[in-house]
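Visitor: Please take me through this structure slowly, and for each term you use, tell me which value earns it.

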Amino acid sequence: MTAILELRNIRGGYGTIDVLHGVNLAVEPGQVHALLGPNGAGKTTTLGVCSGQIVPSGGQLVVSGREVQGATSDALARAGVCLVPEGRGIFPNLTVAENLRMFTHAGASFSDVQDKAFGQFPRLKERRKQVAGTMSGGEQQMLAMARAIATEPALLLLDELSMGLAPLIVEELYERVAEMAAQGVSILVVEQFAQAVLGVADIASIMLHGRVTRTGPPTEIAEELAEAYLGTTADLTPV
Ligand code: ATP
């Protein structure tokens, strides 16, 4: 089966600062792939490469079998790659409905976008007239994800979905992630704390110092991750 996304020996960073030192990673169709690792490992930078925001200095970025390194964010978005950035990327001063309307530029009708968004996240429907910035963190994350799925992406890139959210909300969001994958969306999700995502991931990778050091079944990765972070098998539940 052709991977939806493949990174082959990807190198890159910011100006003269090299962050990625040869990243190899593949996301298979309809799978949730969790990319885990400590602060500063290069996870967000990897998503930057995948979404066209950072041009790699070496290696190949392959989307649905086509080499696309150097393609713009717009071109990658048209190829079905959609990023939900850390911090969510929504417009805090606009209402829920207005935020969704901003995503109709690609030709989808507003009612289609709303149907998809509210179908997946019914709570947003009740709040359609609420200013996004006044919603809870979990609801804002739902809006960010709802906007993303309204574009019918082939590949969804999620950066730190759980950031600043209560464990129950995170669990609910990951249930939605699993549903999206069941509907055929391929998902690459970056997290620092593993617990929540490992429950829904099909496969997981550990990133350390700009390299993927291990890829395997989530249960095995959970154990190795504890050692990678701490040199122990201590509990990783965030406090
Ligand atoms: P975190 O979970 O803390 O975001 P991460 O694994 O996502 O960690 P990155 O954000 O990819 O890590 O950062 C990797 C390295 O790149 C870090 O050393 C960081 O300081 C550096 N870096 C990130 N953004 C920039 C930037 N815009 N300019 C220069 N260096 C950057």
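Guide: A cut-off comes first: a polar contact is a pair of N or O atoms within 3.5 Å. Please also keep in mind that this is a predicted model.

Visitor: What makes the approach of T45 to the ligand a polar contact?

Guide: A polar side-chain atom of T45 lies 2.5 Å from an oxygen atom of the ligand, and because the limit is 3.5 Å, the pair counts as a polar contact. The side chain of K43 has an N or O atom 2.8 Å from an oxygen atom of the ligand, and a polar side-chain atom of T44 likewise lies 2.8 Å from a ligand oxygen, so these pairs fall within the 3.5 Å limit too. On its own the ligand has 630 Å² of accessible area, of which the protein covers 61%.

Visitor: Which residues come nearest to the ligand, and which element gives the largest share of the shell?

Guide: There are 14 residues around the ligand, and the nearest are N39, G40, K43, T44 and T45. Helix α1 gives the largest share of the shell, with 3 residues, while β2 (17-27) and α1 (43-50) each supply at least two. Sorted by class, the shell holds 6 polar, 5 nonpolar and 3 charged residues.

Visitor: Why is α1 described as largely enclosed by the rest of the structure?

Guide: The description rests on a count, because 7 of the 8 residues of α1 are buried. The buried residues of this helix are K43, T45, T46, L47, G48, V49 and C50. Just after α1, G52 takes a positive phi of about 85°.

Visitor: Why is E139 called buried?

Guide: The relative accessible area of E139 is 7%, and buried means under 20%, so the residue earns the term. E139 lies in helix α6 (residues 137-150) and, leaving aside residues up to four places away in sequence, touches R123, L124 and R127.

Visitor: How do you know whether Q140 is buried or exposed?

Guide: The same test is applied: Q140 has a relative accessibility of 16%, and because the limit for buried is under 20%, Q140 counts as buried. Q140 is also placed in α6, and beyond four places in sequence its contacts are R88, I90, A132, G133 and M135. A polar atom of the Q140 side chain lies 3.5 Å from the backbone oxygen of G133. From T2, Q140 is 138 residues away in sequence and 34 Å away in space, C-alpha to C-alpha.

Visitor: What makes a set of residues a nonpolar core?

Guide: The members must be buried residues of the nonpolar kinds Ala, Val, Leu, Ile, Met, Phe, Trp, Tyr or Cys, joined through side-chain atoms within 4.5 Å. The largest such core here has 46 residues, and those with the most contacts inside it are L36, L100, L124, L156, L158 and I187. Helix α6 gives the most to this core, with 8 residues. Outside its neighbours up to four places away, L124 touches V96, F118, M135, E139, M142, L143 and A146. There is also a second, separate core of 26 residues, which includes I4, V23, L76 and L188.

Visitor: Why does S205 count as buried?

Guide: S205 has a relative accessibility of 0%, and because the term needs a value under 20%, S205 counts as buried. S205 sits in strand β9, where its side chain is joined to that of H33 by a polar contact of 2.7 Å. Beyond four places in sequence, S205 is in contact with L25, H33, A34, L35, L36, V212, R214 and T215.

Visitor: Why is S64 called partly exposed, and why is H209 called exposed?

Guide: S64 has a relative accessibility of 44%, and since buried ends at 20% and exposed begins over 50%, the value falls in between. H209 has 68%, and because exposed means over 50%, H209 counts as exposed. S64 lies in the loop between β4 (58-63) and β5 (66-67), whereas H209 lies in the loop between β9 (203-208) and β10 (211-216). The phi of S64 is near 50°, a positive value in a residue other than glycine, and the phi of H209, also not a glycine, is positive and near 50°.

Conventions:
Residues are numbered from 1 along each chain as its sequence is written. This is a predicted model: local features need pLDDT of at least 70, side-chain atom pairs count only at pLDDT 80 or more; totals for chains, interfaces and linings use all residues. Side-chain values use heavy atoms; hydrogens and water are left out. A residue is near a molecule or strand if one of its heavy atoms lies within 4 Å of it. A polar contact is a pair of N or O atoms within 3.5 Å; within protein, one must be able to donate a hydrogen and the other to accept it, and residues adjacent in sequence count only if both atoms are side-chain atoms. Accessible areas come from the Shrake-Rupley method with a 1.4 Å probe; for residues, only the protein chains shown count as cover. Helices (H or I, at least four residues) and strands (E, at least two) are DSSP runs, numbered from the N terminus. Ala, Val, Leu, Ile, Met, Phe, Trp, Tyr, Cys and Pro count as nonpolar, Asp, Glu, Lys and Arg as charged, and the others, Gly among them, as polar. Buried means under 20% relative accessible area, exposed over 50%, partly exposed in between (1.4 Å probe, protein chains only). Contact means heavy atoms within 4.5 Å.
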